[in-house]
Amino acid sequence: PTLGLSGVVTSMMTLMAVIFSHKFIRVFYWAVILLGVFRVPMIILAVLYVGLDIYGISQVGEGSGVNYLSHLGGAATGALLAIVYLVFNWNRVNKL
């Protein structure tokens, strides 16, 4: 048993990335004396995050403390809900 909301966070991130794939997220970086912000498409960030979870589940044993299956289940749920939303509300999404 695990406790946390990371699966829900992954689900919402994936849902938003599928619905608003044309939008960008600002990412802040800080490396010792360098700092700044750059923009990344939402869909790229979601694919990267899910890809890291797939890599993590294939490389780490049971003692990692991260519930990768929860993340991947959340991502699948978010993507599925986003696709259902897009199928039934396509005209509303185009106005956003």
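Helix 2 offers a convenient way into this predicted model. With 18 residues at 1.5 Å a residue, helix 2 should span 26 Å, and its end C-alpha atoms do lie 26 Å apart, so the expected and modelled spans agree. Helix 2 covers residues 42-59.

The two sides of this helix can be told apart by their exposure. Met42, Ala46, Val50, Asp53 and Gly56 are buried. Viewed down the axis of helix 2, these buried residues fall within an arc of 115°, and therefore they line one face of the helix. An α-helix has 3.6 residues a turn, so residues three or four places apart point the same way. On the face of helix 2 turned away from the buried side are the exposed residues Ile44, Val47, Leu48, Leu52, Tyr55, Ser58 and Gln59. The cover over the buried residues of helix 2 includes helix 1, strand 1 (24-31), strand 2 and helix 3.

Two of the buried residues of helix 2, Met42 and Ala46, lead on to the largest nonpolar core. This core has eight residues in all: Leu15, Ala17, Ile19, Phe20, Met42, Ala46, Ala82 and Leu86. Helix 1 (6-19), helix 2 and helix 3 are the elements that give two or more residues to the core, and helix 1 gives the most, with three residues. In soluble globular proteins, nonpolar side chains tend to be buried together. Leu15 is one of the core residues; leaving aside neighbours within four places in sequence, Leu15 is in contact with Gly78, Leu81 and Ala82.

Another buried position is found in helix 3, which runs over residues 68-88 and includes His71. His71 has a relative accessible area of 7%, which is under 20%, so this residue counts as buried. Residues up to four places away in sequence not being counted, His71 touches Ser6, Gly7, Thr10, Tyr49, Asp53 and Val66. With Ser6, the side chain of His71 makes a polar contact of 2.9 Å. Tyr49 lies 22 residues from His71 along the chain, and the C-alpha atoms of the two are separated by 9.4 Å. Asp53, also touched by His71, belongs to the buried residues of helix 2.

Finally, the confidence of the prediction should be considered. The mean pLDDT of the protein chain is 86, and 86% of its residues reach 70 or more. Among the elements of the chain, strand 2 (residues 34-41) has the highest mean pLDDT, 93, whereas helix 4 (residues 90-94) has the lowest, 65. Where pLDDT is low, the predicted coordinates should not be read in detail.

Notes. Residues are numbered from 1 along each chain as its sequence is written. This is a predicted model: local features need pLDDT of at least 70, side-chain atom pairs count only at pLDDT 80 or more; totals for chains, interfaces and linings use all residues. Side-chain values use heavy atoms; hydrogens and water are left out. Helices (H or I, at least four residues) and strands (E, at least two) are DSSP runs, numbered from the N terminus. Buried means under 20% relative accessible area, exposed over 50%, partly exposed in between (1.4 Å probe, protein chains only). Contact means heavy atoms within 4.5 Å. A polar contact is a pair of N or O atoms within 3.5 Å; within protein, one must be able to donate a hydrogen and the other to accept it, and residues adjacent in sequence count only if both atoms are side-chain atoms. A nonpolar core is a set of buried Ala, Val, Leu, Ile, Met, Phe, Trp, Tyr and Cys residues joined through side-chain atoms within 4.5 Å. pLDDT is the predictor's confidence in each residue, from 0 to 100. The expected span of a helix is 1.5 Å times one less than its number of residues. The arc is that of the directions from the helix axis to the C-beta atoms.
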